[in-house]
Structure formats: C-alpha cells, structure tokens
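The following exercises train the reading of a protein model. Please work through each task before turning to its solution.

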Amino acid sequence: MIATALCLGFLSLAALMSPAVPPEQTPAPSDFALGKALPQEISGWQKSRDDQVFNREDIFDYLDGAGELYLAFDFQFVFVREYARAEAPAIVVEIYQMSSSADAYGIFTQDSDGQEVRVGQEALYGAGLLRFWKDDVFIRIMADRETPEARNVIMKLGATIDAAISGAGPKPGLLGRLPVEGLEPPTVRFFHTVISLNSFYFMSNANILNLSPETQVAMARYDKDSARGTLILVEYPSEEKAYSACGRFIEMYLLQRFAPGKKFPPVELENKKYAGAVRAGRFLAIAVEADDKATAEDLLKRALANL
Amino acid sequence: MRKRKMHNAVTRRDFIKGAALGTLAIALSGRERDLVAGTGAEPAVRPFAAQNPQSVVVLVRSEKAVGVDDKIDAAAVQDLIDTAVKELAGEADIVKAWAKFVRPEDTVGVKFTRCSWMRVHTEQPVIDAIVKRVGEAGVAGGKIIAQDEGLPVAKCTALINVPTVKVHTLTGIAVALKNYINFSSKPSSYHAPSTNLGEIYLKPEVKGKTRLIIVDVLRPYFGPGPQINPLHRWNYGGIMVGTDPVAIDTTCLKLCQVKRRLFKGEDWPISPPADNITAADKTFNLGTSDPAKIKLVKLGWDKDVLI
C-alpha cells in the first residue's frame, strides 16, 4: 500500500518539475528591474553580499527541502537581496516572480498569520516578517529578529518594491465562485496541486482529485449559523477530467460505488464530520469537515449555484 | 472503477480510523487520549507515562537558556545537556554517562541541522557542548566530526543526531528522522509523501550507528512553512534526549500540535500528517510511535511545558 502511494507521489512531483519559462530567460541579478529599485543602503543597513537569483531548475539550492512548494505554482525565479548592519539583525528581501497574479496571490495564501498592513495588494506583517503580493510578484522581507528600527526598514523596503510595481493584477477568477455567506476570509487558499492541498487539508497520499499544474483550486472554511464546513472548489481543464476526479473521490474517499447520473448525498465520516461532492461541467465542489449533513448539503448547493 | 484502487490510497480516513496509526491521529486531531484510553476491558494508559516503557525520552528545560533577543546562554545549554544525558544514562557522573554512548576508539559524527533559508538551526552552543563532552569521553578531536551537509557518515562508527524541531509542509514534522535526510543522495525523494524517511536509518553506512539523539528544543517552530514565519516560533528553552528516533519524533509532534492549538485557539492539524513516524515504527522497526509505550521524563523549568 505504501509503495503504491509513493509511486503516485513521485508521479505528481515529476509533473511539477517542468519549467514554466526556459532557464536562459532568468535574468541576471543585476538586470532584474525590481532588484534595481532596491537601495544599496537604508537607515544604516548595507547590502551585504551579491544578489542572487534562483529559477525553477536551481530553486533547491536556495530552498533545500521546500522548493517543491514553489514549483507547485507557476514560479519563474526568486531574487534575493541581503542587508546587514553592525549590532542589528540582518534583513533579507525575497522577490518571487510568478507567471501570473493568480499564482502570486496563491503563494501569499499559504500562510495567513500576521497583521494586515497596507503594502501591495494584500500584506501581512508579524514579528519581523512582511509578506505581500502585487500583480505577478510575491514578496517576503524578513529580519533575523524584530526591532523597531528593523521594522521601519522592512516597511520602507516594502513600500519601495510596491512603488516599483506599476500595476495591480487580478485575483484568481475561481475565487468569485466561492459562496460568500459564512466565508471566513483568512482561510481562503488558492493553489494547483496535491502537495498544496495536503499542506492545508490532508486528504490522501494519493492524488485522489487528479490535481495538476493545470487545475485551479480554491478552498475556504465556512461558518454559517455556527455550523462549520470547508469547501474545496476545483476547476479542471476538461469536463472529462472533472468527471473522473469526482468518481475517484466518491469511490476512494467516500467509499461509495460511483455510478453515472447517481446522486451522492454527503456521508458521515469516522470523525463524525460530513463530506460530499458535486460536479458541474469542468468544476468539482467538495465539502469536508462539515459539522452536519445539512451544512455539507448547503455548502454544495450554494457552490453549485455559482458554477 | 476497480475496487482494488480504493486500497491503494492512504487517506485521512485511514488515519482517523486506526488506533494503530496513533501518531498520525495526534497530528490530525491532537487528541492522543482517544487513542490510548482504555476501552473498558483494560485500564486507560496515559500517553507518555508508560510504566514499562519501550522507550524513554528525557526533556530538560531552563528559563535561562534563551535570553534577551533570543540569545542562547551557552552555560545553561551545557547544563541542560549534561542533566539530560545523565538522566538517560542513569549515571550521576557526566563522563560515565557519556561513556555509555561513545568509546574512545569511535569516530563520532555529530549531525546537526543548519538549513540557511529555514533558519531553525541547531544552536552553536548545543553543538559545542556535545563536542566537548564527546572529547572528554576520550574521543580524539580529529575523530569528532560535527557537520550538517556532507558529513562523512561512512567514516563514522558512531552518530549523535542533533536536530531541531520544526513543523514541515512536506514531511509533517522535521526532527530526528528528517535530520538524516541528507545522508541520502536524493533528499527530495523523501518529501510528499515522506513515508519512507525511516529507511535512511537502515542504509548500510548509517544503520546501527546512532548512539544518542539530542534535540535542540530551545526555539522550536510550529508553523506551516514552507518558509519561517517568526510568529510561529517560540522560546521553549529545552533539550530533549533519547535513543529512539521514533519516540523522540512522536513526543515532538505532540509538543507542536499542542502549541498549534494554543496559538489558534482551536485544532490546527499538522498537515500533511507525519506519516513517516508511523512508518518508521511499523515498517522500518526503528522504535515506537505509540505514546502509551513512551515514558517522558521531565526535569527543570516546568512553566508552559505543554506535554
């Protein structure tokens, strides 16, 4: 059983390794426009080493052990600038160039903890880390430890990058299909692959939903009338793929025998929570962790109305 | 869809169902009590309080170990390690205690972790304290190799595993099992799923060499990652010692799960679950993942010990 699950895992990892852009299009650090916008010195912090750029091929040289999570998005390259000042915490600026604003937003939603601040299109700050996205760029600026001065510098650097990005980018269109009532905004996630799904909500070692870089997934938790549930909305490139994934979920997760045209009401799982699924065209809506059957049914019904 | 396929996937439902998969259920719910409580026919067994333990884990804490600006107090760390090793060895004398784990003729690899981007390093005072005591046990300086990447494990006759504690988006948690991942030539093959992580302990150049595990629990990381958010790190001021990597990881998993629930004020499951821990027990026989078979000895500062 484990061996099979591993094979499925390797397949999904392999699918992530195809580069979004040819590596020769990765800019040299000195040619990256947003990098040029950064100061050499700010409030006593000096650029402390040569800038670096890592692309899809060498991301593991920088994020050894976590590159997979960026490869799961349409990540193109990351620019890294480091600042140092005597007797003060080092500050690192990371600018992730994605191929779309949807994926810049998606990376941003990987972590929702922090205080909202006004930088870029959405930003969170906490304990010396600023994270924000704007257009097709995701930015992290972090101090080794937080001090008032370091925080000021971080916010200034954030504002500098923000100003250097001329336009705003749209959020993923799929978010517009999430039902609004009861939605808990900090829980909204956007991603593509099973690695991301399992980092938010572990479903299976196997890729039951047949997620791939081509699939769009929006996920959010709902609390309506004190009844909670989580909705996973998947957009597939074709109706056939959505149909197949629906069947796999019904059989492999809900443990029901799938039959075309048959309706599958939500079922109670071992943890006393309810799960169910409904498909419409290229879309698959899945309710999990619903407090009761009515909540799962309501989530699916409202999702279906938006598909 | 063929029925057999249903059995290929290891799903969340499998974890919820199986008491045999107790460690995973801890990650998913944080409620190990459900897994080891008596069914009525036999008395309840408190987790981490085994009377006849399969494995003993020693945790020693000091409020002095981590000071202002997160500065590590080397003397306090030395004291923590000495106390923990003496307790585990059942010796009042520190040299006699270390003599139970290393011999003068050994070549000792001190495998710490220094992941530059993640920043949850083994603190240098921890490494220094261990190297000092290994030397005092009679091992010549040239035969003590303290290293992370590139440690010549084949040359070593003994290993001391010195990981930190961090929740990890690809393996669930990274402690003793994960710290050996760079003994593999292809570390990313042990990510997502990470079920086979334990097999590294059985590689010919590694098998049987681990004499001691000393975990730096001074400033663990409980957040989702993939990159550190300082909001998800806390000063715990602990050193954990044992010889069973599975029991160590099980204990640290519990610690992080409790901390996550405290941080969010509700269950915040570690995702994906650390299935490598259960597999290290059930598949690779490296130790026990059953909290009811582990005795956790707690010494020193007990404020907010959490486990």
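**Exercise 1. Identify the residues with the most contacts inside the largest nonpolar core.**

Step 1. The largest nonpolar core holds 96 residues. A nonpolar core is a set of buried Ala, Val, Leu, Ile, Met, Phe, Trp, Tyr and Cys residues joined through C-beta atoms within 7 Å. A residue counts as buried if 20 or more other C-beta atoms lie within 10 Å of its own, as exposed if 12 or fewer do, and as partly exposed in between, with C-beta atoms placed from the backbone.

Step 2. Inside this core, the most contacts belong to Val217(A), Leu231(A), Phe249(A), Leu284(A) and Ala285(A).

Step 3. Domain 1 (20-164) and domain 2 (173-305) of chain A each give at least three residues to this core; such bounds come from an automatic or database domain assignment.

Step 4. A second, separate core has 81 residues, among them Ile130(B), Ile181(B), Leu286(B) and Ile294(B).

The model is predicted: local features require pLDDT of at least 70, side-chain atom pairs count only at pLDDT 80 or more, and totals for chains, interfaces and linings use all residues. Residues are numbered from 1 along each chain as its sequence is written, while chains are lettered from A and ligands numbered from 1 in the order in which they are written.

**Exercise 2. Describe the surroundings of strand β15 (residues 283-290) of chain A.**

Step 1. Helices (H or I, at least four residues) and strands (E, at least two) are DSSP runs, numbered from the N terminus. Seven of the eight residues of β15(A) are buried, so this strand is largely enclosed by the rest of the structure.

Step 2. Two strands pair if DSSP finds at least two bridges between them. Strand β12 (residues 227-235) of chain A pairs with β15(A) in the antiparallel sense over six bridges, and Val234(A) stands opposite Leu284(A).

Step 3. Strand β14 (residues 274-280) of chain A also runs antiparallel to β15(A), joined by six bridges. Here Arg279(A) is the residue opposite Leu284(A).

Step 4. β14(A) and β15(A) form a hairpin with two residues between them, and Gly281(A) in the turn has a positive phi of about 60 degrees.

Step 5. Leaving aside residues up to four places away in sequence, Ala285(A) touches several residues, including Leu231(A), Ala277(A) and Leu300(A). Contact requires that the C-beta atoms of two residues, placed from the backbone, lie within 7 Å.

**Exercise 3. Compare the expected span of helix α8 (residues 239-253) of chain A with the distance between its end C-alpha atoms.**

Step 1. The expected span is 1.5 Å times one less than the number of residues.

Step 2. For the 15 residues of α8(A) the span should be 21 Å; the end C-alpha atoms are 20 Å apart, which agrees.

Step 3. The buried residues of α8(A) include Ala242(A), Phe249(A) and Tyr253(A). Their cover includes β12, β14 and β15 of chain A together with α1 (12-17) of chain B.

Step 4. After α8(A) comes Leu255(A), with a positive phi near 60 degrees.

**Exercise 4. State how many residues of chain A are in contact with chain B, and how they divide by class.**

Step 1. The contact joins 46 residues of chain A to 38 residues of chain B.

Step 2. The largest share of the chain A side, six residues, comes from α1(A).

Step 3. The chain A side divides into 24 nonpolar, 13 polar and nine charged residues. Ala, Val, Leu, Ile, Met, Phe, Trp, Tyr, Cys and Pro count as nonpolar, Asp, Glu, Lys and Arg as charged, and the others, Gly among them, as polar.
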